[in-house]
Each structure stands twice: as structure tokens, then as C-alpha cells.
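Please open your viewer and get ready to select a few pieces one after another. At each stop you will read what to look for.

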Amino acid sequence: MTTVSAVLQRSAELQPASDSALLDTELLLCHCLNVDRTWLKTWPDHQLQDIEIAEFDQLFSRRLRGEPVAFIVGSQGFWSLDLCVSPHTLIPRPETELIVEQALQLPLPAASQVLDLGTGTGAIALALATERPDWQIVGVDVQPQAVELAEHNRQLHQLNNVSILQSDWFSALASAQPAHKFDLIVSNPPYIEAEDSHLLEGDVRFEPASALVAGVDGLDDLRLIIGQSSGFLQQAGWLLVEHGYNQGALVRDLFVAAGFQSVNTYADYNQLDRITLGCLLGSY
């Protein structure tokens, strides 16, 4: 008979393919047994049924081939939420939570209007909505599958202060009369260079290139967002974007050139430049 403890020992097989082999194995087994990781530690001698072993073997084989755990189990934790994911969007990552942290610290109106550009799973928009129920948040994405997924996650968590729209960045908002103005715009856009070797490694091999790559220098979408944001921000509104670890100085220059003040870059948990923000026409 196969026990929980015996299954977890198979994590050694994953070590060449994953830098979190034990965690990956635990998450796959939790999914098969419909339990949490604490349960695994509490019941190491629990014996699995044949059908559970067969399901685990199937999922484990997919992980051995490099497929991300989030796509295998269909969900990923972000902030305080468990979000459904799919190969049509990026997998929400811990470093993106820095956008949420910094946004919550900004001196914004109590009933702010917020725009999340390229919302994907809806991670940033929904996380902000849980923390600020008086904010009205719009999440947009150009991919219809992402819009459908973000709306599913919105309904799953019953966040009625969020609206999900299909839009190629600002395009669906540009025709509104009068123009819709926001107190805060946030975005985790594509920012990887087209020829970056990391695109051939790890989880990103399974994620959509359209959500990763932004031209030769990785800045095409950031240029557009930073350059056009002023037309959609209230006076003293804020823009906050995620970018690559080596793009901080270039992104700050783009902010300044677009008329932003109080421009700052913040490092992620690995002490790498990760997000830059600025205020349009002064600050509160």
C-alpha cells in the first residue's frame, strides 16, 4: 500500500525539473486528496486508494515534463485569494503582490476609481477590491479568454465593486464621453525582450507569449501605457506598473518624460527592481 509519506518521497524525482520539488509534490497530492498541506503532515501514514494513486501519477508526470503546478491543478493563490488559472493567462506571482501593497499605501480618495490594465486572471483588481470595498475597479484585457477567466474569478469571490471588460489597453475606454478618469491605474504588462533566453525555461514555456513579450527591448507596452495614462488619470492620479529587474531606470525616465512626479522604483522580495510609480501633476 502507498502512504502519504511514500508519495511525498517522490519529490526527489522532481528536483531536476523544479526548485520547489517538495512543495510541488505536496500541492499535487493535496489536489488529488482534496485536503490541505497541514492534513498531509498530520496523516503521513494515510493509505491512498488505487484511483488516487493513478490520478497523482498522471499529474506528477505532467509536472515532470515541466508543466506549471498552477495549470495542472487549475488554481493559484494570490494575496488572500485562490484564483482559477488557465494557459490563456499568466500565473499570478508573489512579486506582483508588491503592486497591491504599494497601491494600498497611496494617499487616494476613499471611493477611488481604479483601472487594472491587462488584468489576466483578475489578480490585482480582485486583491485591491477585497481590501478596499469602496473602490470601483475596472479590469481590462485584450484576450477574450482572459476576460472570461477574470469574470469567473470575480463571481467566485463575489466582488461586486469590480467590472471586467475586453479592451486593448485603453481602446475601449477612449470613446467614452466624457472621458473616464481614474484615481489610480495599475498594470503588470508584458515586459520581456523578444529574444530573452528565459522564455525557453521553466513555467514561462507554458504561458502565452502575448502576456510576456513586448518588443525588442521589452518596453513596447510600458511605453504605450505610461505615454497614454495621462489622458485617463484624474489630476494628482497615480500610475503604478510592474517591470523587469533591469528596467527601473528606463521606466523612471518614461514616467518623467510623460509628466509624472514623485517617481519611485521599489524592489521585490529578492531585492530586484520590480515596480515603478508616479503621480500626475503633483501629489496629494
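Begin by selecting helix H7, residues 97–105 (helices, H or I of at least four residues, and strands, E of at least two, are DSSP runs numbered from the N terminus), which lies across E6, strand E7 (233–242), E8 and strand E9 (273–280). Contact here means heavy atoms within 4.5 Å. H7 runs at about 30° to E9 (axes are lines fitted to C-alpha atoms, for helices over the stretch in contact, with angles from 0 to 180 degrees between N-to-C directions).

This is a predicted model, where local features need pLDDT of at least 70, side-chain atom pairs count only at pLDDT 80 or more, and totals for chains, interfaces and linings use all residues. Residues are numbered from 1 along each chain as its sequence is written, and side-chain values use heavy atoms, leaving out hydrogens and water.

Next, add helix H8 (residues 123–131), whose axis comes within 10 Å of that of H7, crossing at roughly 40°. Which residues of H7 and H8 meet? Show Ile99, Val100, Ala103 and Leu104 in H7, facing Ile124, Ala127, Leu128 and Glu131 in H8.

Now colour the open sheet of seven strands, with mixed pairing and the order E5-E4-E3-E6-E7-E9-E8 (two strands pair if DSSP finds at least two bridges between them). Strand E5 (162–166) and strand E8 (260–267) are at the edges with a single partner strand each, so one side of each has no neighbour in the sheet.

Zoom in on strand E3 (residues 113–117) and strand E6 (residues 182–187), which pair in the parallel sense over four bridges. Here Val114 stands opposite Leu184 in E6.

Finish at helix H9 (residues 144–156), lying across strand E4 (136–141) and E5, at about 165° to E5.
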